[in-house]
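Q: I'm new to reading protein models and would like a close look at just one strand. Please walk me through its partners and surroundings in plain words.

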Amino acid sequence: MKKWVATVMMVVGVSGLALADQASVEITIKNHQFSPAEVKIPANTRVKLIVSNEDATAEEFEGEDFKAEKVIAGNSKATIMVGPFKPGRYEFVGEFHEDTAKGELVVE
Amino acid sequence: MLSAAVIVFREVLEAALIVTILLAATAGVPGRSRWIGGGILAGVAGAGIVAAFAGNIASALDGVGQEVFNAAVLLIAVGMLAWHNIWMSQHARELVAHLRNVSARISQGSLPLYFLAVASGTAVMREGAEVVLFLYSVAAGGSSATAMFSGGLVGILAGVVTGALLYKGLLKIPVSHLFQVTGWLILLLAAGLAASSMGYLIQAGILPWMPPLWDTSAVLPEKSAVGQLLHILVGYQEQPNLIQVGAYISTLVVILAGMKWASRQPDVVTPATREA
């Protein structure tokens with residue numbers, strides 16, 4: 001019985017960790033560019049994007065093929081909830097510097 | 001320069017359309033220019049303040065302060081537009097008479113039109129803050145700053161001109177129908193803003209994510225010119241979910257019920273108007 005409980009708790013714990021792992025991704029903005037510019041995220045899951053803007057000025061994170069819109073002040077961090085997505089590629093931009101700030105969510 | 005103009009135009013347009021519709025909707029209301037003008041000025045000042053504290057707002061409430069702030073500002077605007085429509089359903093008749101130059105006396109001085117100031121002010125503040133951040137960001141960027149800055153100015157001008165044109169167009173509507181048309185415009189505007197505010201709360205993770213009820217992105221993309229215009233005016237969204245559609249419909253129902261209730265209240269029309 002004890003063994004059984006331990007197993008269940010382990011499974012729950014591990015899957016909890018796995019979920020926490022999957023649920024958030026970090027993106028950095030520097031020199032008005034995203035890094036990574038290709039962000040891999042799992043399909044059919046709600047994902048938390050943690051976007052750090054290391055430039056001195058503000059940037060607006062905006063989804064092109066998905067709904068997301070958030071101004072991120074200079075030298076600060078923002079969290080944006082996106083998804084769940086079907087597998088595919090979804091573009092996003094930094095609206096204030098659209099020429100350089102481009103990226104894609106690669107959903108698989 | 002063109003890209004800057006387009007970005008700024010997009011932001012300014014929303015505020016300009018809301019202010020324009022409010023101006024047309026209150027044609028003949030004494031003191032309305034003062035209230036709306038004051039609201040715009042306060043909105044510009046507010047935009048500067050919001051832009052200056054953007055970082056603090058964003059990092060508040062575990063990083064979702066911006067969404068909550070935007071949702072709150074939108075909901076305040078919805079409340080003000082609702083108040084406007086309910087107020088108008090009591091006063092439209094005397095205004096029509098007044099506009100027709102009948103000796104209608106509008107109970108002047110007894111009309112605190114805060115809702116006009118707050119509704120136009122919140123629209124200007126919300127959109128203006130992004131314009132300020134954008135222009136500041138390009139100004140700090142160096143090289144192409146002047147071109148981008150003039151682009152921004154072109155965008156602001158274009159937005160204001162579009163608003164002015166819409167205003168002229170709206171005033172061409174015969175007086176007897178004007179307030180009906182603007183009433184519907186404001187009703188749909190308010191419902192759209194309510195739906196948008198839900199979008200922010202969903203993005204913040206405060207309201208749960210829900211699958212879209214339908215997807216019209218293939219027919220009319222929200223990012224297209226027509227899609228954006230419809231988004232501003234009637235709250236068009238290509239993939240709305242149950243929460244957003246629910247907010248849209250309940251806003252419509254609540255405001256319509258309020259208007260109906262107000263128009264049943266004892267008449268405020270002065271005897272002079274009634275004879276005319």
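**A strand with two neighbours**

A: Let's start with one pair: E59(A) has I72(A) as its bridge partner in strand β6(A). Keep in mind that this is a predicted model, where local features need pLDDT of at least 70, side-chain atom pairs count only at pLDDT 80 or more, and totals for chains, interfaces and linings use all residues. Residues are numbered from 1 along each chain as its sequence is written, while chains are lettered from A and ligands numbered from 1 in the order in which they are written.

The strand we're zooming in on is β5 of chain A, residues 59–63 (a strand is a DSSP run of E with at least two residues, a helix one of H or I with at least four, numbered from the N terminus). On one side, β5(A) runs antiparallel to β6(A), and four bridges join them (strands pair if DSSP finds at least two bridges between them). To get from β5(A) to β6(A), the chain makes a hairpin through five residues.

β5(A) has another partner too: strand β8 of chain A, residues 88–94, also antiparallel, with three bridges. Here you can look for G63(A), whose bridge partner in β8(A) is F92(A).

How many of the five residues of β5(A) are buried? Four of them are, so the strand is mostly covered (buried means 20 or more other C-beta atoms within 10 Å, exposed 12 or fewer, partly exposed in between, with C-beta atoms placed from the backbone).

Now follow β6(A) outwards, to chain B. Both β6 (69–72) and β7 (76–82) of chain A each supply at least two residues of the side that touches chain B. The largest share of that side, six residues, comes from β7(A). Across the whole interface, 20 residues of chain A are in contact with 20 residues of chain B (contact means C-beta atoms, placed from the backbone, within 7 Å). Sorted by class, the chain A side has 10 nonpolar, three polar and seven charged residues (nonpolar: Ala, Val, Leu, Ile, Met, Phe, Trp, Tyr, Cys, Pro; charged: Asp, Glu, Lys, Arg; polar: the others, Gly among them).

For another buried spot, hop over to chain B. A25(B) lies in helix α1 of that chain and is buried, with 24 other C-beta atoms within 10 Å. Leaving out residues up to four places away in sequence, A25(B) touches H84(B), M88(B), F179(B), T182(B) and I186(B). A25(B) and I186(B) are 161 residues apart in sequence, yet 8.5 Å apart in space, C-alpha to C-alpha.

Note on methods
Two residues are in contact if their C-beta atoms, placed from the backbone, lie within 7 Å.
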